[in-house]
Amino acid sequence: MCGIVGYIGEREAQNILVAELKRLEYRGYDSAGIVTLSDSATPTLLRTKGKVAALEELVGQHKTSDTVGIGHTRWATHGEPSKRNAHPHHVGEIYLVHNGIIENYQDLKTMLSGHEYEFKSDTDSEVLAALIDYLRRDSPDLLTAVTGALKMVVGAYGIAVLDTTNPEEIIVARQGSPLIIGVGDGETYIASDASALVGYTNQVVYLHDGEIGRCTRSGLELQTIESQKLDVKIEMLDMDMQAIQKQGFDHFLAKEIYEQPTSLAATLAGRVLPDQKYARLGGLNMSDDELRHVKHIIIVGCGTAYFAGVQASYFIEQLTDDVTISVEIASELRYRAFNVPEHSVAMIVSQSGETADTLACLNELKRRGVKCLGVVNAVGSTIARAVDGGVYLHVGAEISVASTKAFTSQVAALTIFGIMLANAKGTNPQFIDEFVQELAILPSEIQKVLDKQGAEIPSIARAYADYNHALYIGRDTLYPIAMEGALKLKEVSYIHAEAYAAGELKHGPIALIDDHFFEVCYIQDNWLYEKSQSNLIEMNTRGAHAIVITDTTKKVPGETVIRISTKLSHLTPLLFNVVSQLLAYHVAVKRGHDVDQPRNLAKSVTVE
Ligand code: F6R
């Protein structure tokens with residue numbers, strides 16, 4: 001959600017900033033801007049509404065050889081997407097880029113207006129720039145002014161700040177919104193997301209909440225908001241160019257759908273042990289004894305991560321006998337007066353590890369003494385650092401805004417946790433073995449779906465791309481897949497899509513069916529087949545245009561039947577989900593949408 005970049009070194013900053021911003025564009029893409037300072041501290045500010053490509057064009061017309069600068073790509077919170085509201089914001093001597101939200105910006109604005117500050121934008125970020133400028137007047141340096149300003153601020157921020165009187169430094173700070181500093185040879189990089197730094201340096205410093213840094217050509221000096229000096233801990237960045245390139249695919253979404261056999265294999269490597277009929281997650285920091293005592297699991301996530309939790313809860317229920325599970329939408333749970341049952345453990349599911357609502361739940365659950373385990377993809381992310389233990393997905397960078405490969409691996413990781421619980425408790429050895437064997441072959445089963453359905457979905461998508469509504473239905477373990485399928489379709493194709501548990505159809509939604517709708521029905525051969533088939537027939541008699549996704553070889557009465565062939569049983573829903581991903585992707589492409597950067601969305605929601 002918004003991207004921040006910065007550079008100070010010997011090379012031309014504009015090129016580097018624009019290249020870094022392109023990599024972060026998936027974080028927000030409604031406006032973009034950079035400012036650079038010349039050696040004599042003359043600023044060149046370039047901002048534009050729209051995508052980074054528009055900014056790049058502007059830079060082409062205003063080239064400088066400046067070697068220091070900061071930049072931003074925005075996902076609007078306060079103020080409409082416009083040049084006026086784009087970052088960097090300029091007030092007095094200060095240029096600032098900001099991710100996050102300054103909650104008390106109205107109070108600060110009123111105070112600053114009393115000191116003759118006038119505001120050109122509708123943003124909270126400009127108020128922060130003005131506050132820093134105001135304090136700068138009586139401060140010995142920019143670092144002191146920024147520190148003073150941040151002590152007055154309530155909210156979340158990742159910021160990079162330039163002072164036009166001193167082109168030798170960029171001040172950065174973090175509270176609740178990620179920032180990473182890349183340390184090069186005679187140059188220092190700033191980014192809100194590691195993918196911006198790949199290829200420039202692999203030596204990085206992850207800023208923690210409450211830390212303020214001074215970036216110069218020779219590196220980074222770090223201190224707390226209380227001005228206590230800190231050691232700079234450099235870590236190796238484990239991400240390569242391949243991870244952030246499309247590798248021959250037209251879109252990152254397609255690349256990431258097709259990557260699932262390998263990304264899932266990376267999640268499972270060393271964790272699923274079919275010969276031993278066992279699977280384990282190394283980083284949970286839980287003994288068998290602790291696992292045995294678990295009586296309740298609280299799974300927390302947003303969007304696709306939440307649906308992954310719902311999907312896995314069905315599997316964990318099958319594996320265990322005495323464990324109850326509640327799967328919670330983070331933005332709901334955080335304000336609920338919820339009770340925590342005794343012997344609970346929480347699973348915090350987040351691809352980015354930065355989602356604000358999920359993080360808030362994690363903090364609340366920790367405050368209540370619940371052991372919190374992370375199921376996270378982004379290494380070094382806030383949630384990954386804050387949990388008591390956990391598992392990295394290892395699926396590589398997920399650049400497409402719509403999440404696909406993370407979902408499959410989130411479900412797999414949570415299912416392994418279920419296997420560990422069942423094993424520690426000595427329940428259902430038969431199921432444990434079946435799940436382990438299925439997890440082991442899941443990557444190759446997904447590959448089969450990609451090979452076969454990858455070829456047949458484009459023409460099916462063409463036939464359904466002009467509908468305006470879709471109803472996704474599934475029963476039991478296929479219901480979460482229906483919800484995730486509907487989410488995927490709506491976010492990339494903008495077709496109104498709703499999901500229902502198939503048994504709920506008769507309780508209302510069947511009234512919707514008409515020629516404006518198509519229906520996606522998931523039917524599994526060995527699981528509630530007859531009941532699912534009855535729901536389909538009920539819809540057909542009301543004129544449904546049903547696409548049936550199934551593994552059965554029996555005759556199925558659908559307008560279009562997509563048949564997968566698989567050796568799986570428990571995990572078949574994950575194969576059906578790959579079909580839904582392909583369907584959403586091809587429908588969106590057919591409708592001519594920007595599938596990697598759908599309208600109104602951005603990756604990683606770091607604000608409420
Ligand atoms: C949907 C999607 C979102 C995310 C959600 C949580 O395709 O990408 O619904 O799943 O914003 O994000 P993370 O997993 O980063 O916490």
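This note goes through the pockets, the cavities, the strand pairing and two backbone exceptions of a predicted model.

1. **Largest pocket: size and centre.** The largest pocket has a volume of about 790 Å³. Its lining counts 35 residues. Five of them lie nearest the centre: A194, M239, N377, A378 and V379.

2. **Largest pocket: where the lining comes from.** Two elements give two or more residues to the lining of the largest pocket. They are β15 (235–236) and α12 (382–386). On the domain level, domain 1 (3–242) and domain 2 (266–427) each contribute at least three residues to this lining.

3. **Largest pocket: chemistry.** What is the lining of the largest pocket made of, by class? It has 14 nonpolar, 11 polar and 10 charged residues.

4. **Second largest pocket: size and centre.** About 650 Å³ of space lies in the second largest pocket. The lining here has 31 residues. C302, G303, T304, V401 and V605 are the ones nearest the centre.

5. **Second largest pocket: elements and domains.** At least two lining residues come from each of α9 (303–319), β20 (344–350), α11 (356–367) and α15 (479–493). Of these, α15 gives the largest share, four residues. Why does this pocket lie between domain 2 (266–427) and domain 3 (440–596)? Both domains give residues to the lining of the second largest pocket, so the pocket lies between them.

6. **Second largest pocket: chemistry.** The lining of the second largest pocket divides into 12 nonpolar, 13 polar and six charged residues.

7. **Cavities.** Rolling a probe the size of a water molecule over the atoms shows where empty space is left. The count comes to three cavities of 30 Å³ or more. The largest cavity holds about 90 Å³ of space. It is lined by 15 residues, with C2, T77, H87, H98 and G100 nearest its centre. The elements giving two or more residues to that lining are β4 (68–74), β6 (94–102) and α4 (124–136). β6 gives the most, with three residues. By class, the lining of the largest cavity has four nonpolar, nine polar and two charged residues.

8. **A cis peptide bond beside the cavity lining.** H87 is among the residues nearest the centre of the largest cavity. The peptide bond from H87 to P88 is cis, with omega near 0 degrees. P88 sits in the loop between β4 and β5 (89–91). As noted, β4 is one of the elements that give two or more residues to the lining of the largest cavity.

9. **A positive phi.** Most residues other than glycine have a negative phi, and most peptide bonds are trans. D476 is not a glycine, yet its phi is positive, at about 55 degrees. The residue belongs to the loop between β23 (469–474) and α15. α15 is the helix with the largest share of the lining of the second largest pocket.

10. **The five-stranded sheet.** Five strands form an open sheet, with parallel pairing, in the order β19-β18-β20-β21-β22. Which strands sit at the edges? β19 (324–329) and β22 (389–392) do, and each pairs on one side only. From one strand to the next, the twist averages 20 degrees.

11. **Pairing and packing within that sheet.** Strand β18 (residues 296–301) pairs with β20 in the parallel sense over five bridges. H296 has S344 of β20 as its bridge partner. Two helices can be placed against the strands. α9 lies across β18, β19 and β20, running at about 170 degrees to β19. α11 packs on the sheet and touches β18, β20 and β21 (371–376). The direction of α11 makes about 160 degrees with that of β20. α9, α11 and β20 also appear among the elements supplying the lining of the second largest pocket.

12. **Antiparallel pairs.** Strand β9 (residues 180–183) runs antiparallel to strand β11 (residues 203–206), joined by three bridges. Here G182 stands opposite V204. β11 also pairs with β15, in the antiparallel sense, over two bridges. V204 of β11 stands opposite E235 in β15. This links back to point 2: β15 gives two or more residues to the lining of the largest pocket.

Note on methods: Residues numbered from 1 in each chain as written. Predicted model: local features only at pLDDT ≥ 70, side-chain atom pairs only at ≥ 80, totals over all residues. Heavy atoms only, no water. 1 Å grid on protein atoms, 1.4 Å probe; cavity = no way out; pocket = protein on both sides within 12 Å on 5 of 7 lines; lining within 4 Å. Points joined across faces, edges and corners; volume = space filled by probe spheres on them. Nonpolar A, V, L, I, M, F, W, Y, C, P; charged D, E, K, R; others polar. Domains from an automatic or database assignment. Pairing = 2+ DSSP bridges. Axes fitted to C-alpha atoms, helices over the stretch in contact; angles between N-to-C directions. Contact = heavy atoms within 4.5 Å.
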